[in-house]
Amino acid sequence: MWFINTLICLVQIGSLQQTLCFKNVQIPISFEDYHSCNVAVDNLVDYLNDDLKKRQITIIFKCEVLDGESVAI
């Protein structure tokens, strides 16, 4: 099983204009294979990109296999 793991960064927040990032934020949906996971990532990027740019939010999406499972790409 595959899942989408993310790194979410809020850019230039607060009075110090710092960037705040959250690591290993998992989207609670699993996928049977890498391809279906990657298609979901592409769809999320297309859907969210404009809004995230306006809000100065950066998200990195990565498909990862659940611990202990074999990987076949």
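Threonine 6 is buried in this predicted model, with a relative accessible area of 5%. Its place is in strand 1. The buried label follows because 5% falls under the 20% limit for relative accessible area. What does the side chain of threonine 6 reach at 2.7 Å? The partner is the backbone oxygen of valine 25. Setting aside neighbours within four places in sequence, threonine 6 is in contact with Phe22, Lys23, Asn24, Val25 and Ile27, and also with Ile59, Ile60 and Phe61.

Isoleucine 4 makes a good next stop. Again leaving out neighbours within four places in sequence, isoleucine 4 has contacts that include Val25, Gln26, Ile27 and Ile29. Phe31, Cys37, Ala40, Val41 and Leu44 are also among its contacts, as are Phe61 and Lys62. Val25, Ile27 and Phe61 thus appear among the contacts of isoleucine 4, and they appear among those of threonine 6 too.

Which residues make up the largest nonpolar core? There are 9 of them: Trp2, Ile4, Phe31, Cys37, Ala40, Val41, Phe61, Cys63 and Val65. At least two residues of this core come from each of strand 1 (2–13), helix 1 (34–54) and strand 3 (57–65). Among the core members, Phe31, Cys37, Ala40, Val41 and Phe61 are in contact with isoleucine 4.

Now for the surface. Ile13, Leu20 and Phe22 make a nonpolar surface patch of about 240 Å². Of these, isoleucine 13 has its place in strand 1, and Phe22 is also one of the contacts of threonine 6. Is isoleucine 13 buried or partly exposed? Isoleucine 13 counts as partly exposed, because its relative accessible area is 34%, which lies between the 20% and 50% limits.

Two glutamines deserve a look for their backbone angles. Most residues other than glycine have a negative phi. Glutamine 12, however, has a phi near 55°, a positive value, and glutamine 17 likewise has a positive phi near 55°. Glutamine 12 lies in strand 1, whereas glutamine 17 is found in the loop between strand 1 and strand 2 (18–31). Both glutamine 12 and glutamine 17 are partly exposed.

Here are the accessibility values side by side.

| Residue | Relative accessible area | Class |
|---|---|---|
| Threonine 6 | 5% | buried |
| Isoleucine 13 | 34% | partly exposed |
| Glutamine 12 | 41% | partly exposed |
| Glutamine 17 | 46% | partly exposed |

How values were computed
Residues are numbered from 1 along each chain as its sequence is written. This is a predicted model: local features need pLDDT of at least 70, side-chain atom pairs count only at pLDDT 80 or more; totals for chains, interfaces and linings use all residues. Side-chain values use heavy atoms; hydrogens and water are left out. A nonpolar core is a set of buried Ala, Val, Leu, Ile, Met, Phe, Trp, Tyr and Cys residues joined through side-chain atoms within 4.5 Å. Buried means under 20% relative accessible area, exposed over 50%, partly exposed in between (1.4 Å probe, protein chains only). Helices (H or I, at least four residues) and strands (E, at least two) are DSSP runs, numbered from the N terminus. Contact means heavy atoms within 4.5 Å. A polar contact is a pair of N or O atoms within 3.5 Å; within protein, one must be able to donate a hydrogen and the other to accept it, and residues adjacent in sequence count only if both atoms are side-chain atoms. Patches are made of residues with over 30% relative accessible area and no salt bridge: like charges are joined within 9 Å, nonpolar side chains (Val, Leu, Ile, Met, Phe, Trp, Tyr) within 5 Å. Accessible areas come from the Shrake-Rupley method with a 1.4 Å probe; for residues, only the protein chains shown count as cover. A salt bridge is a side-chain nitrogen of Lys or Arg within 4 Å of a carboxyl oxygen of Asp or Glu.
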